[in-house]
Amino acid sequence: MRYNERIRAIREDNSLTQQKIADLLHIGQRTYADYESGKTRIPVDSLLILARFYNVSMDYITGASNIPTAYPVK
């Protein structure tokens, strides 16, 4: 699964709107929609915010793994 498909799936699994996640990332809803559609690449710092927010590893959120392990604690 590609990262844009994964961020959409996780958002929908948590019953959140694109606007809610866009607000979390301090961007517009249209920009976030472009991330999910794959039209625009999501910045790494935004992926880190989403991984922390959803409590999943970067491997999972980027699609490198299909195992939703928890975000590592420092």
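Let us start from the inside: isoleucine 61 is buried, with a relative accessible area of 0%. This residue belongs to helix α5, and the model in front of you is a predicted one. Setting aside neighbours within four places in sequence, isoleucine 61 is in contact with Tyr3, Arg6, Ile7, Ile10, Leu47, Leu50, Ala51, Tyr54 and Val56. One pairing across the chain is worth a look: isoleucine 61 and asparagine 4 stand 57 residues apart in sequence, yet their C-alpha atoms are 8.9 Å apart in space.

From here we can widen the view to the core. In soluble globular proteins, nonpolar side chains tend to be buried together. Here the largest nonpolar core has 18 residues, and those with the most contacts inside it are Ile7, Ile21, Tyr32, Ile42, Leu50, Tyr54 and Ile61. Each of α1, α2, α3, α4 and α5 supplies at least two residues of this core, and the largest share, four residues, comes from α4. Isoleucine 7 is another good place to stand: leaving aside neighbours within four places in sequence, its contacts are Tyr32, Tyr35, Glu36, Ile42, Leu47, Leu50 and Ile61.

Now let us walk along the helices, beginning with α1. Which residues of helix α1, residues 3–13, are buried? They are Tyr3, Asn4, Arg6, Ile7, Ile10 and Arg11. Seen down the axis of α1, these residues fall within an arc of 160°, so they line one face of the helix. That set of buried residues packs against α2 (18–25), α3 (29–37), α4 (44–54) and α5.

Of these partners, α3 deserves a closer look. Two packed helices are described by the angle between their axes and the distance between the axes. For α1 and α3 the angle is about 120° and the axes are 6 Å apart, which makes α1 oblique to α3. On the α1 side, Asn4, Ile7, Arg8 and Arg11 meet Tyr32, Tyr35, Glu36 and Ser37 of α3. By class, the residues of this contact divide into three nonpolar, two polar and three charged.

Leaving α1, the chain enters the loop between α1 and α2, where serine 15 is found. Most residues other than glycine have a negative phi, and most peptide bonds are trans. Serine 15, however, has a positive phi near 55° in a residue other than glycine. At 66% relative accessibility, serine 15 counts as exposed.

Next comes α2, in which Gln18, Ile21, Ala22 and Leu25 are buried. Looking down the axis of α2, you will find these residues within an arc of 105°, so they line one face of the helix. The elements covering them include α1, α3 and α4. With α3, helix α2 packs at an angle of about 105°, the axes being 8 Å apart; that makes α2 roughly perpendicular to α3. In this contact, Gln18, Gln19, Ile21, Ala22 and Leu25 of α2 meet Gln29, Tyr32, Ala33 and Glu36 of α3. The contact of α2 with α3 has five nonpolar, three polar and one charged residues. Just after α2, histidine 26 takes a positive phi of about 60°.

Further along is α4, whose buried residues are Ser46, Leu47, Leu50, Ala51 and Tyr54. Viewed down the axis of α4, they fall within an arc of 140°, so they line one face of the helix. Among the elements that cover them are α1, α2, α3 and α5.

Beyond α4, asparagine 55 is found in the loop between α4 and α5. Although it is not a glycine, asparagine 55 has a positive phi of about 55°. Is asparagine 55 buried, exposed or partly exposed? Asparagine 55 is partly exposed, with a relative accessible area of 44%.

Our walk ends just past α5 (58–62), in the segment where glycine 63 lies. Not counting residues up to four places away in sequence, glycine 63 touches Met1 and Arg6. The C-alpha atoms of glycine 63 and serine 37, 26 residues apart along the chain, are separated by 15 Å.

Notes. Residues numbered from 1 in each chain as written. Predicted model: local features only at pLDDT ≥ 70, side-chain atom pairs only at ≥ 80, totals over all residues. Heavy atoms only, no water. Contact = heavy atoms within 4.5 Å. Buried < 20%, exposed > 50% of the residue type's maximum accessible area, 1.4 Å probe, protein only. Arc of directions from axis to C-beta. Axes fitted to C-alpha atoms, helices over the stretch in contact; angles between N-to-C directions. Parallel < 35°, antiparallel > 145°, perpendicular 65-115°, else oblique. Nonpolar A, V, L, I, M, F, W, Y, C, P; charged D, E, K, R; others polar. Core = buried A, V, L, I, M, F, W, Y, C linked by side-chain atoms within 4.5 Å.
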